[in-house]
Number of protein chains: 2
Amino acid sequence: VAQERGEFEIIARYFRPLTEGRAGALGLADDGALIAPAAGHALVATTDTLIAGVHFPGGTPPELIARKLLRVNLSDLAAMGATPAAYLLSVALPKPLNEPWLAKFCEGLREDQERFKLALIGGDTVATAGPAVFTVTALGEVPEGQALLRSGAKAGDAIFVSGTIGDGALGLRVMRGEFPDLAPQLRNFLLSRYHLPQPRVTLGMALRGIAHAAIDISDGFAADLAHICETSHVGAIVEWTRMPLSEAAEQILALDPDARKSVLAGGDDYELLFTAESGSADAIQAAAQKCGVPVTMIGRIDRGSGVLVKDVDGTAMVLDSFGYQHF
Amino acid sequence: VAQERGEFEIIARYFRPLTEGRAGALGLADDGALIAPAAGHALVATTDTLIAGVHFPGGTPPELIARKLLRVNLSDLAAMGATPAAYLLSVALPKPLNEPWLAKFCEGLREDQERFKLALIGGDTVATAGPAVFTVTALGEVPEGQALLRSGAKAGDAIFVSGTIGDGALGLRVMRGEFPDLAPQLRNFLLSRYHLPQPRVTLGMALRGIAHAAIDISDGFAADLAHICETSHVGAIVEWTRMPLSEAAEQILALDPDARKSVLAGGDDYELLFTAESGSADAIQAAAQKCGVPVTMIGRIDRGSGVLVKDVDGTAMVLDSFGYQHF
């Protein structure tokens, strides 16, 4: 692809340091990168794109964009039980290049690649007349045959989620000016949950050999559980009263019961949703404690199809477009 | 990343068939793809982005965009000597979705992934308010330690190129309305060279163990040879009279000697430029013949730095920004 003037300087100054001397990156000075999984391991590859104005508003701090970009990809690796290894980054930036912006963006990448132990090994840098576009392809390692898939849920499995559910969607609503009466520290909590997902990487790795099926919650709790049900050919019954909610979400729901829709159908939580034998509950709690991430059992898998969420009184909550078919 | 309405239908209808049932693609229904290189092999990963209005003009047939997108990535794999294996595709498409356009785009992908023997294993589909953006991450396999790098050129090596040089840049000029007197079939030849690169995949594979250094010509002949020189800490001396030119390029140069600048400095040829011991010339010609790609010896590597192109009379041709330092 034809190069912009200054692309090589940009790569040398901003991106090459992010390789951290990784041999396979070849200094970002070759046609591709080299990566080989350890013996007996496969690579997991995932890609996600963020576009200015679509996935984050104009004016979002560049460090946050960078960290969210890495983290949404890391969350996909976590959902597969993979150990993060490396990533490729394609950036399309508006002309003229805003170098202070790019420096902060790379600072965000550096911070999170150190935290999650992966390094940049390749990429592409182009100019665009449109909004900025960022694509990361993240690569992780998983022992052969041990990747967590969406398709392994079995009737009788218990259903678990990490962390708290709904904060991402509620954080987006806070950002848009809703819930003005919520205490500032709770508003900030929800905003940070929206802006800065916590990919459950160590939990995903710990669930190898334990979880039957796993997914990260990006489309929304109900939709993502439906994905597991579809690919596993099973149904799911969830107890609303068991859903782990943050204090901020609890306060919003006390005033606005309709916000339950945001909790169940909103996206961007980036928590892990997984199934396992109910007999694995102790092992799962031990793993969760080791990872410092709360995990909650919220329901069970049966031989039906679709997702049923039972309300406090045992009746089915109506979820637009997520019907439940019994057996 | 939050999903558009209809993303799942788009994936099922247009993208899933492109996995050709590859197991590691997991039906594009999981959080990532699985890929493991054969024993004793490493993966080569490369990524390239094409943006509407930057890398191709509006109105370019979607099949051509798709095929160029795959081919520029395949050309990077070829330059590393890698066997194509799989690719991930991220597409950002303007709303509302133009389905006939997308169908043709996928037809182009299908045609070339069959030709070059790789399959889609993952991706991301988002809507954008800006121009369409396409990012491919291509993965190939290469025996451990046999990847062709830019850094292996040695003083005394002969320099070779595949195919003919300059057609890509001249094709772009034809597209912009230049050279109106050129015969239509020659204009079409140059246009097709610009629109549809021929990645030299089988030649790259055949050069494992033979070539010392390799690159594909995307930035331009002189710039790409300079990349080899920089990373290998050597200099290059090229004879202009040996440069392989197409009939179309010859005719243009006969009328417009200034077009030599397009030949040497223009990009988008996607030919392989490589160095090897001069004693390997016979083996290289045999490999080239087997691959059906002409290869021409055009110069030699020495212990200097930078790129010198010698004119017919032996004097140095002036190349903007590519100085040559003797020893």
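**Exercise 1. Identify the residue that stands opposite B:Val91 in β5(B), and place β5(B) among its neighbours.**

Step 1. The residue opposite B:Val91 in β5(B) is B:Phe134. Strands here are DSSP runs of E with at least two residues, helices are runs of H or I with at least four, and both are numbered from the N terminus. The model is predicted: local features need pLDDT of at least 70, side-chain atom pairs count only at pLDDT 80 or more, and totals for chains, interfaces and linings use all residues. Residues are numbered from 1 along each chain as its sequence is written, chains are lettered from A and ligands numbered from 1 in the order in which they are written, and side-chain values use heavy atoms, leaving out hydrogens and water.

Step 2. β3(B) and β5(B) run antiparallel and are joined by nine bridges; two strands count as paired if DSSP finds at least two bridges between them.

Step 3. β2 (residues 41–51) of chain B also pairs with β5(B) in the antiparallel sense, over eleven bridges. There, B:His41 has B:Pro143 of β5(B) as its bridge partner.

**Exercise 2. Determine how many residues of strand β5 (residues 133–143) of chain B are buried.**

Step 1. Buried means under 20% relative accessible area, exposed over 50%, and partly exposed in between (1.4 Å probe, protein chains only).

Step 2. In a regular strand, side chains alternate between the two faces of the sheet. B:Val133, B:Thr135, B:Thr137, B:Leu139, B:Glu141 and B:Pro143 point one way from β5(B), while B:Phe134, B:Val136, B:Ala138, B:Gly140 and B:Val142 point the other way; all are buried.

Step 3. Eleven of the eleven residues of β5 in chain B are buried, so the strand is largely enclosed by the rest of the structure.

**Exercise 3. Find the buried and the exposed residues of helix α1 (residues 7–15) of chain B.**

Step 1. B:Glu7, B:Ile10, B:Ile11, B:Tyr14 and B:Phe15 are the buried residues of α1(B).

Step 2. These residues lie on the same side of α1(B), because they cover an arc of only 100 degrees around the axis, taken from the directions from the helix axis to the C-beta atoms. B:Glu9 and B:Arg13 are exposed on the other side of α1(B).

Step 3. The cover over the buried residues of α1(B) includes β3 (83–94), α3 (99–116) and β4 (119–128) of chain B. Beyond its neighbours within four places in sequence, B:Phe15 has contacts (heavy atoms within 4.5 Å) that include B:Leu28, B:Leu89, B:Val91 and B:Leu120.

**Exercise 4. Give the order of the open sheet of five strands and name its edge strands.**

Step 1. The order is β4(A)-β3(A)-β5(A)-β2(A)-β1(B), with mixed pairing.

Step 2. β4 (119–128) of chain A and β1 (33–35) of chain B are the edge strands, each pairing on one side only.

Step 3. β3 (residues 83–94) of chain A runs parallel to β4(A), with nine bridges between them. A:Leu93 stands opposite A:Ala127 in β4(A).

**Exercise 5. State the rotation that superposes chain B on chain A.**

Step 1. The rotation is 180 degrees, with 0.0 Å of shift along its axis and an RMSD of 0.0 Å. The superposition is by least squares on the C-alpha atoms of residues with pLDDT of at least 70 in both copies.

Step 2. The two copies are therefore related as by a two-fold rotation axis. In chain B, the C-alpha nearest the axis belongs to B:Gly130, 2.4 Å from it.

Step 3. Both copies use the same surface: 100% of the contact residues of chain B recur in chain A.
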